[in-house]
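This report describes a single protein chain. It moves from model confidence to overall architecture, and then to selected helices and residues.

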Amino acid sequence: MGTVVDDATAAEFHAFFERHYAELSRLAYLLTGDADTADDLASDALLAMWRRWDRVRAADHPVAYARGVVANLARSRIRSAVRERRRVSLFWSQRGERFDDPDVPAVLDVQAALRRLPFRKRACVVLRYALDLSERDTALALGISVGTVKSQSSRGMAELGRLLGPGATAEEVQATVASQRAAAPTPARRSARASTRAEGRGGWTSCTGG
């Protein structure tokens, strides 16, 4: 977008931010397990949308696009963290020192169990059962087919059941995942901080001269 943006466009995007930041931050938190990272990813996703706002606002499903951006950013952040852990592990193994795998906590809670799932399964489970999206909306957000959402969600829930302990029924696992919607930090209290961060990175207030 240009350096001069009319007030109506800025107001439209600001309304989108206020309406959807909480959900995007919660999605990022459930995918990564870290509240500060969730702030960063939600802010970065919305800033990316602002820079493409003319195209995004004309899309059929702008919110689905935003969810997809958050998911992609979360995947990249997780991959970077995994590579870093591997480098640290290699360093200490070469020194002959014992290294505990941080991905295997002594006691698995549901958030730790979610982080044990491969990313696509995790994203499908989070969107379907923690955020209560339909299969169609989940498919739109992730850029995959409804059939893939069904299979990945089913397999992800089955894996979660095994991780959470023997004897857990499918209904209990689903209820446990759904409870994470409330367990995630309340992003509404963090949105002002995130908005300020986005603006500092070239966000909409600076673009409008506000």
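Over which residues does pLDDT stay under 50? The stretch is residues 84-108, for which the model has 12 contacts beyond four places in sequence. Here pLDDT is the predictor's confidence in each residue, from 0 to 100, and a contact means heavy atoms within 4.5 Å. Over residues 204-210 the pLDDT is also below 50, and this stretch has 17 contacts in the model beyond near neighbours in sequence.

The model is predicted, so that local features need pLDDT of at least 70 and side-chain atom pairs count only at pLDDT 80 or more, whereas totals for chains, interfaces and linings use all residues. Residues are numbered from 1 along each chain as its sequence is written, and side-chain values use heavy atoms, with hydrogens and water left out.

**Confidence and architecture**

The mean pLDDT of the protein chain is 76, and 70% of its residues reach 70 or more. Among the elements, helix H12 (residues 204-208) has the lowest mean pLDDT, 44, and helix H7 (residues 135-142) the highest, 94.

The protein chain has 12 helices and zero strands. Helices (H or I, at least four residues) and strands (E, at least two) are DSSP runs, numbered from the N terminus. Of the 210 residues in the chain, 41% are buried; buried means under 20% relative accessible area, exposed over 50%, and partly exposed in between, with a 1.4 Å probe and protein chains only. Among contacts between residues at least 6 apart in sequence, 71% join residues at least 24 apart.

**The nonpolar core**

A nonpolar core is a set of buried Ala, Val, Leu, Ile, Met, Phe, Trp, Tyr and Cys residues joined through side-chain atoms within 4.5 Å. The largest has 43 residues, and those with the most contacts inside it are Leu31, Leu46, Met49, Val125, Val126, Leu160 and Val177. The elements that give two or more residues to this core include helix H1 (7-32), helix H4 (62-94), H6 and helix H8 (146-164). H1 gives the most, with 10 residues. Beyond four places in sequence, Leu31 touches Ala71, Ala74, Ile78, Phe119, Arg122, Ala123 and Val126.

**Helices H2, H7 and H8**

The spans of two helices can be compared with expectation, which is 1.5 Å times one less than the number of residues.

| Helix | Residues in helix | Expected span | Distance between end C-alpha atoms |
|---|---|---|---|
| H2 | 17 residues | 24 Å | 25 Å |
| H8 | 19 residues | 27 Å | 26 Å |

In H2 (residues 35-51) the distance agrees with the expected span, and the same agreement is found for H8. H2 is mostly covered, with 13 of its 17 residues buried. At its N-terminal end, Asp34 acts as a cap: a side-chain oxygen lies 3.2 Å from the backbone nitrogen of Asp36.

The buried residues of H8 are Val149, Gln152, Ser153, Gly156, Met157, Glu159, Leu160 and Gly161. What covers them includes H5, H6, H7 and H9. Just after H8, Gly165 takes a positive phi of about 125°.

In H7, Thr138, Ala139 and Ala141 are buried. Seen down the axis of H7, the buried residues fall within an arc of 165°, so they line one face of the helix; the arc is that of the directions from the helix axis to the C-beta atoms. Gly143, just after H7, takes a positive phi of about 70°.

**Individual residues**

Lys121 is found in helix H6 (residues 119-130). Is Lys121 buried or exposed? Lys121 counts as buried because its relative accessibility is 14%. Its side chain is joined to that of Glu159 by a polar contact of 2.4 Å. Such a contact is a pair of N or O atoms within 3.5 Å; within protein, one must be able to donate a hydrogen and the other to accept it, and residues adjacent in sequence count only if both atoms are side-chain atoms. Not counting residues up to four places away in sequence, Lys121 touches Gln152, Arg155, Gly156 and Glu159.

Asp132 lies in the loop between H6 and H7. Its phi is near 60°, a positive value in a residue other than glycine. Most residues other than glycine have a negative phi. At 54% relative accessibility, Asp132 counts as exposed.

Val63, in helix H4, counts as buried at 19% relative accessibility. Beyond four places in sequence, Val63 touches Phe16, His20 and Glu23. The C-alpha atoms of Val63 and Leu140 are separated by 9.5 Å, although these residues are 77 residues apart along the chain.
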